[in-house]
Amino acid sequence: MARPREFCIDQALFKALNVFWRHGFEGASLTDLTEAMGITRPSLYAAYGNKEELFRKALDLYDETYMGFTQEALKKPTARAVAESLLMGFAEAATAVGHPPGCLGTNSVLVCSEASEPIREELMRRRASLEATLRRRFEKAKAAGELPPESHPGDLARFIMTTVHGMSIQAAGGVTRQSLLRVADMALKAWPD
């Protein structure tokens, strides 16, 4: 008969999320993870599979917990309001107190070697998915006449995503929320009328 778990899977996952967020996928050693989670390696493998699967679960938790604002932003009534909500939301999320600065995905993808190619591909897939969703939202706005005929929804989506990822890198380097909000304001000045 299997022994009952002596730890809370959800609490341990939050602790792993913070380790990954602080150190990236490759920088987070199994020792770092198990110590932060308060579990042994066999318990980690039994509960989560392996480090890669633990990271994927941490990414899902991150998306649910810290990136929920993206889904709300996509529901805004205008394309400009969508862009503004995303820019401001990323500035706030990347600098919020209580967790490491920056973005888990951005912090992790910057230091992925060939050995971690599946993780890099997963992070790129998630980033591309959000960009594609944003592009589709902007395409609808253009079709409705909300954006000028010469605007390019794909370019606008890439511009917003490039800006928010740059803001995440800046936040990880210690740039303040106020500075990032000013960057967001500057980006919005480039919005097509």
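In the predicted model, Arg 56 has a relative accessibility of 18% and therefore counts as buried, the limit for that class being under 20%. The side chain of Arg 56 nevertheless takes part in a salt bridge with that of Glu 53, with a nitrogen-to-oxygen distance of 3.5 Å. Glu 53 has a relative accessibility of 33% and is accordingly classed as partly exposed. Both residues belong to helix H4, which covers residues 51-66, and their separation of three residues corresponds to about one turn of the helix.

A second salt bridge connects Asp 63 and Arg 126, whose closest N and O atoms are 2.9 Å apart. This pair joins distant parts of the chain, since Asp 63 lies in helix H4 and Arg 126 in helix H8 (residues 117-143), 63 residues apart. With a relative accessibility of 34%, Asp 63 is partly exposed. Arg 126, at 18%, falls under the 20% limit and is therefore counted as buried. A third salt bridge is formed by Glu 72 and Lys 75, with 3.4 Å between the closest N and O atoms. Here Glu 72 is partly exposed at 47% relative accessibility, while Lys 75 is exposed, its relative accessible area being 61%. Salt bridges with shared partners also assemble Glu 52, Glu 53, Arg 56, Asp 60, Asp 63, Glu 122, Arg 125 and Arg 126 into one network. Both Glu 53 and Arg 56 and Asp 63 and Arg 126 are thus pairs whose members appear in this network. The total number of salt bridges is twelve.

Asp 63 and Arg 126 recur in the description of the largest pocket, which encloses about 350 Å³ of space. Its lining consists of 18 residues, and those nearest the centre are Asp 63, Met 67, Arg 126, Arg 127 and Leu 130. Two or more lining residues are contributed by each of H4, helix H5 (69-74), helix H7 (104-109), H8 and helix H9 (153-172). Helix H8 provides the largest share, five residues. By residue class, the lining of this pocket comprises nine nonpolar, six polar and three charged residues. The salt bridge between Asp 63 and Arg 126 therefore involves two of the residues nearest the centre of the pocket, the bridge being defined by a nitrogen-to-oxygen distance within 4 Å.

Enclosed space was examined as well. Rolling a probe the size of a water molecule over the atoms reveals where empty space remains. One cavity of 30 Å³ or more is present in the structure, and the volume of the largest cavity is about 30 Å³. The residues that line this cavity are Tyr 62, Met 67, Phe 90, Ala 93, Ala 94, Gly 102, Cys 103 and Ser 168. Met 67 is thus found in the lining of the largest cavity and is also listed among the residues nearest the centre of the largest pocket. Helix H6 (residues 79-95) makes the greatest contribution to the cavity lining, with three residues. The cavity lining contains six nonpolar and two polar residues and no charged ones, whereas three charged residues occur in the lining of the largest pocket.

Helix H7, one of the elements that line the largest pocket, also contains Ser 108. The relative accessible area of Ser 108 is 0%, and this residue is therefore buried. A polar atom of the Ser 108 side chain lies 3.0 Å from the backbone oxygen of Leu 104. When residues up to four places away in sequence are not counted, the contacts of Ser 108 are with Phe 20, Gly 24, Phe 25, Phe 55 and Leu 123.

With respect to the overall architecture, the protein contains ten helices and zero strands, so that the order of elements from the N terminus is α-α-α-α-α-α-α-α-α-α, each being a run assigned by DSSP. The C-alpha trace spans about 65 × 35 × 30 Å along its principal axes. Of the 193 residues, 46% count as buried. Among contacts in the protein with a sequence separation of 6 or more, 68% are between residues 24 or more positions apart. The salt bridge between Asp 63 and Arg 126, residues that are 63 positions apart, provides one link between distant parts of the chain.

Definitions and conventions: Residues numbered from 1 in each chain as written. Predicted model: local features only at pLDDT ≥ 70, side-chain atom pairs only at ≥ 80, totals over all residues. Heavy atoms only, no water. Helix = DSSP H or I, 4+ residues; strand = E, 2+ residues; numbered from the N terminus. Buried < 20%, exposed > 50% of the residue type's maximum accessible area, 1.4 Å probe, protein only. 1 Å grid on protein atoms, 1.4 Å probe; cavity = no way out; pocket = protein on both sides within 12 Å on 5 of 7 lines; lining within 4 Å. Points joined across faces, edges and corners; volume = space filled by probe spheres on them. Nonpolar A, V, L, I, M, F, W, Y, C, P; charged D, E, K, R; others polar. Polar contact = N/O pair within 3.5 Å; in protein donor to acceptor, adjacent residues only side chain to side chain. Contact = heavy atoms within 4.5 Å.
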